[in-house]
Amino acid sequence: MNRKRVAILISGRGSNMAALIAAAKASDYPAEIIGVISNTPSAAGLETARAEGLATAVIRLKDHSDKTAADAAISARLREWQVDLVCLAGFMRLLGPEFCTAWQGRVLNIHPALLPEFPGLDTHARALAAGVAEHGCTVHFVTAGMDEGPIVGQARVPVLAGDTPETLAARVLAEEHRLYADCLAKVARGEIAWTGQ
Ligand code: GRF
């Protein structure tokens, strides 16, 4: 099997990253995780990645002249690793149009809401405030717009009486881990593709 080479971009805890690493350990999984890039050295997920023996890199905006230059440094590292696909997993910086065009159809993101509902931050508190009966998560191809781009898959959870943003987040997160591995597999196998704007 020709497994796709995948890099994961993180900024924090890295639980989705860990779920992808775990899924890719199955011999029939169509992707392998090559390395992890963080935009901050304090991301806890970096330790997890190192413990898994993966290559890691920290590429900080403040070490570059501007966002385009930082994006170019990320691109250069991805090319060096000969990456086929990129998974954003709690990566908290918007990638610019040059990056998104260069990697179009090869970058996925996971968002903790049922897009197009609740793009951006604080999705769980906003879902509760809106009184929705269902909430969930979305994996989508990345464009330069925040939490936009064609949807690869979604998972739904019920909103329960007494939910707080934290209890709802935990219910969604369990689904995120399952959904992301499933969607990456579909894209890696070529079952779902996005080639145009
Ligand atoms: C997840 O909820 C993800 O959907 C969002 O940021 C959070 C990252 O969590 N984009 P983790 O770092 O994967 O644990």
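This section describes the ligand site, two buried residues and the backbone irregularities of a predicted model.

The ligand is surrounded by Arg13, Gly14, Ser15, Asn16, Gly90, Ile110, His111, Pro112 and Glu176, and the space that the ligand takes is the largest pocket. Two elements, helix α1 (15–23) and strand β5 (107–111), each give two or more residues to this shell. Polar contacts to oxygen atoms of the ligand come from the backbone as well as from a side chain: a backbone N or O atom of Gly14 lies 2.8 Å from a ligand oxygen, a polar backbone atom of Asn16 is 2.9 Å from a ligand oxygen, and an N or O atom in the side chain of Glu176 is found at 2.7 Å from a ligand oxygen. Of the 360 Å² of accessible area that the ligand has on its own, the protein covers 84%.

Helix α1 also contains Ala23, which counts as buried because its relative accessibility of 18% falls under the 20% limit. Apart from neighbours within four places in sequence, Ala23 is in contact with Tyr29 and Ala181. The C-alpha atom of Ala23 is separated by 16 Å from that of Ala51, a residue 28 positions away along the chain.

In strand β6 (residues 134–141), His140 is likewise buried, with a relative accessible area of 2%. The side chain of His140 reaches the backbone oxygen of Glu148 at 2.6 Å. When residues up to four places away in sequence are set aside, the contacts of His140 include Val107, Leu108 and Asn109, as well as Leu115 and the residues Asp147, Glu148, Gly149, Pro150, Ile151 and Val152.

Two of these contact partners of His140, Leu115 and Asp147, also take part in backbone irregularities. Most residues other than glycine have a negative phi, and most peptide bonds are trans. Leu115, however, is joined to Pro116 by a cis peptide bond with omega of about 10 degrees, and Pro116 lies in the loop between β5 and α5 (123–130). That loop also holds Asp122, a non-glycine residue with a positive phi of about 55 degrees. Asp147, in the loop between β6 and β7 (151–158), likewise has a positive phi, near 55 degrees, without being a glycine. The two aspartates nevertheless contrast in their surroundings, since Asp122 is exposed at 59% relative accessibility, whereas Asp147 is buried at 16%.

Methods:
Residues are numbered from 1 along each chain as its sequence is written. This is a predicted model: local features need pLDDT of at least 70, side-chain atom pairs count only at pLDDT 80 or more; totals for chains, interfaces and linings use all residues. Side-chain values use heavy atoms; hydrogens and water are left out. Helices (H or I, at least four residues) and strands (E, at least two) are DSSP runs, numbered from the N terminus. Buried means under 20% relative accessible area, exposed over 50%, partly exposed in between (1.4 Å probe, protein chains only). A polar contact is a pair of N or O atoms within 3.5 Å; within protein, one must be able to donate a hydrogen and the other to accept it, and residues adjacent in sequence count only if both atoms are side-chain atoms. Contact means heavy atoms within 4.5 Å. A residue is near a molecule or strand if one of its heavy atoms lies within 4 Å of it. Accessible areas come from the Shrake-Rupley method with a 1.4 Å probe; for residues, only the protein chains shown count as cover. On a 1 Å grid over the protein atoms alone, a cavity is a set of points where a 1.4 Å probe fits but cannot get out, and a pocket is an open set with protein on both sides within 12 Å along at least five of seven lines; lining residues have an atom within 4 Å of a point. A molecule sits in a cavity or pocket if more than half of its atoms lie within 2 Å of its grid points.
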